[in-house]
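Me: I'd like to learn how to read a protein model feature by feature. Could you walk me through one?

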Amino acid sequence: MNSGKSLKEFQEKLTTSRRIVALVGAGLSVSSGLPTFRGSQGLWKNFNMIDLATPDAFYIDPGLVWQFYSWRRYNALQARPNKGHVALAKLSELDGIEYITISQNVDGLQRRAGHNKDNLYEIHGSIFELRCTSFMCNFVAKDNFKHPLTPALQGTEQEYDVKSRKRSLHEEDASISPQFKPIKELSEEELPQCPVCKDGSLLRPGVVWFGEPLPLGPIDQVDNFIEDEDVDLVLVIGTSGTVYPANSYVDRIRAKGGSVAVFNTDIDQEILDGKVSKTWGFKGDAAVLLPLTLKPLIGEL
Ligand code: BV8
């Protein structure tokens, strides 16, 4: 946590701000037991995230990619929203301010925390959305929480146990992900199939892979929110800021005179020393920091 002085200054800014944005990353879900991408260096030791979260990976080995997402769906279903998610959900319901959460996370926890649907933008999609891969078909299933999606995907959950991960939450390795080993060679017939297509097209996770464009609708609404009127304050929560275009929002808000508050276990010392103008740094677990620092607006959780 930053010094008391800057907490007071931050809370003065917070309570006098009319337009607030939160940009959320994997760090917010660590307290719920889900691993981060560690600056997109990889979600686990023997695979680099980019190696799997791409259209090419899915085209080359859909069985491997589906095991990866089945494992993530299971973990996210086992996880529970933490107090950081709840704090933002409370913020999303306040009258008197204009607020949006831009989430890079695909784990669905912000929605499960009760966040107002109208001002939550999951710009990288959701692992609980399924889409048909056929160009001729526009089948989409939202809020599909079934596990396993097919009998062949049973068993991916043994790779990872959220509860045991929670025990090691505060150890250094808490957000270094476990070994992920594909457990079996799967044929396309054993993978999720589109229920509409006659030719049995594969379904894919409804997430934005690297190299894919972000969903136009949400992106336009986020752009409008940022461009229409100045944003007074942006909360940068649990993100390494390595992924474009999500990482461009903070600079755009700062360039238009907005203030920035960073909530991260890893913050540049010059921010912590108060040397970056209009920028506060709160070092620690976002799940602990958010309820504390946002209390003047959201009250006691
Ligand atoms: C696009 C869904 C254009 C999938 C995700 C070079 C080569 C190739 C591509 C690029 C390149 N340079 C730039 C690009 C573009 C690329 C990109 O940014 N790549 C990066 C890797 C360099 N971006 C794209 O491809 C985007 N699309 O640009 O399209 C286009 C336009 C038209 C037509 C065609 C194309 C699409 C990007 C979306 C990728 N999909 N997710 C999935 O999840 O499986 S991104 C994925 O990684 C996550 O969603 C997340 O957004 C990101 C990881 O970022 P973070 O959330 O920040 O997580 P990270 O682990 O990095 O950091 C965690 C932080 O938490 C750390 O700072 C840590 O200190 C902190 N922390 C830890 N514990 C806590 C904590 N903080 C608080 N409390 C704690 N307890």
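**Reading contacts, burial and rings**

Reply: Happy to; let us begin with a single residue. Apart from neighbours within four places in sequence, N144 is in contact with R73, F128, L130 and L149. N144 itself lies in the loop between β5 and α7. Keep in mind that this is a predicted model.

Me: Is N144 buried or exposed?

Reply: The general idea is to look at relative accessible area, where under 20% counts as buried. At 18% relative accessibility, N144 therefore falls in the buried class.

Me: And how does the protein look as a whole?

Reply: Start with the overall counts. The protein has 12 helices and 9 strands, and buried residues make up 56% of its 301 residues. Among contacts with a separation of 6 or more, 72% are between residues 24 or more positions apart.

Me: Where is the confidence below 50?

Reply: Begin with the average and then look for weak stretches. The mean pLDDT is 89, and 86% of the residues score at least 70. Over residues 160–178, however, the pLDDT is below 50, although this stretch has 45 contacts in the model beyond near neighbours in sequence. Where pLDDT is low, predicted coordinates should not be read in detail.

Me: Let us turn to the aromatic rings. How many aromatic pairs does a search of the whole structure find?

Reply: The search finds 9. To read one, take the distance between ring centres and the angle between planes; an angle from 30 to 60 degrees counts as tilted. The rings of Y69 and W209 have centres 6.2 Å apart and planes at 50°, so this pair is tilted. The pair links distant parts of the chain, 140 residues apart: Y69 is in helix α4 (residues 62–78), and W209 is in the loop between β6 (203–207) and α8 (216–228). Both Y69 and W209 are buried.

Me: Which residues form one aromatic cluster with Y69 and W209?

Reply: F58, F68 and W71 join Y69 and W209 in that cluster. A neighbour list adds to the picture: leaving out residues up to four places away in sequence, Y69 touches A53, I127, P205, V207 and W209. The relative accessible area of Y69 is 2%.

Me: What does UniProt place at Y69 and R72?

Reply: An unreviewed UniProt entry gives the feature "binding site" at these two positions. For an annotated position, check its element and its burial in the model. R72, like Y69, can be placed in helix α4. R72 is buried, with a relative accessible area of 13%.

Me: Could we read a second aromatic pair?

Reply: Try F128 and F145, a tilted pair with 4.9 Å from centre to centre and 55° between the planes. F128 lies in strand β4 (residues 125–132) and F145 in the loop between β5 (140–141) and α7 (162–167), so the pair ties together parts 17 residues apart in sequence. Their burial can be read one ring at a time. F128 counts as buried at 2% relative accessibility, whereas F145 is partly exposed at 41%.

Me: Where does the charged end of R19 sit?

Reply: Here the idea is to look for a charged group above the face of a ring. The charged end of R19 sits over the ring of F225, 4.0 Å from its centre. R204 lies over the face of W209, at 3.8 Å from the ring centre.

Me: Why is helix α5 largely enclosed by the rest of the structure?

Reply: Count the buried residues, then see what covers them. In α5 (residues 83–92), 7 of the 10 residues are buried, so the helix is largely enclosed. The buried residues are G84, H85, A87, L88, A89, L91 and S92. Their cover includes β1 (19–24), β2 (98–103), α6 (109–112), β7 (233–237), α11 (286–293) and α12 (295–298). At the start of α5, a side-chain oxygen of N82 comes within 2.7 Å of the backbone nitrogen of G84.

Me: To finish, is K117 buried or exposed?

Reply: K117 is exposed, with a relative accessible area of 60%. K117 is found in the loop between α6 and β3 (120–122). From K117 to S92 the C-alpha to C-alpha distance is 8.8 Å, with their positions 25 residues apart in sequence.

Technical notes
Residues numbered from 1 in each chain as written. Predicted model: local features only at pLDDT ≥ 70, side-chain atom pairs only at ≥ 80, totals over all residues. Heavy atoms only, no water. Phe/Tyr/Trp six-rings, centres within 6.5 Å; stacked < 30°, edge-to-face > 60°. Helix = DSSP H or I, 4+ residues; strand = E, 2+ residues; numbered from the N terminus. Buried < 20%, exposed > 50% of the residue type's maximum accessible area, 1.4 Å probe, protein only. Lys NZ or Arg CZ within 6 Å of the ring centre and 35° of its normal. pLDDT = per-residue confidence, 0-100. Contact = heavy atoms within 4.5 Å. UniProt positions renumbered as here; feature names shortened; annotations may be inferred. Polar contact = N/O pair within 3.5 Å; in protein donor to acceptor, adjacent residues only side chain to side chain.
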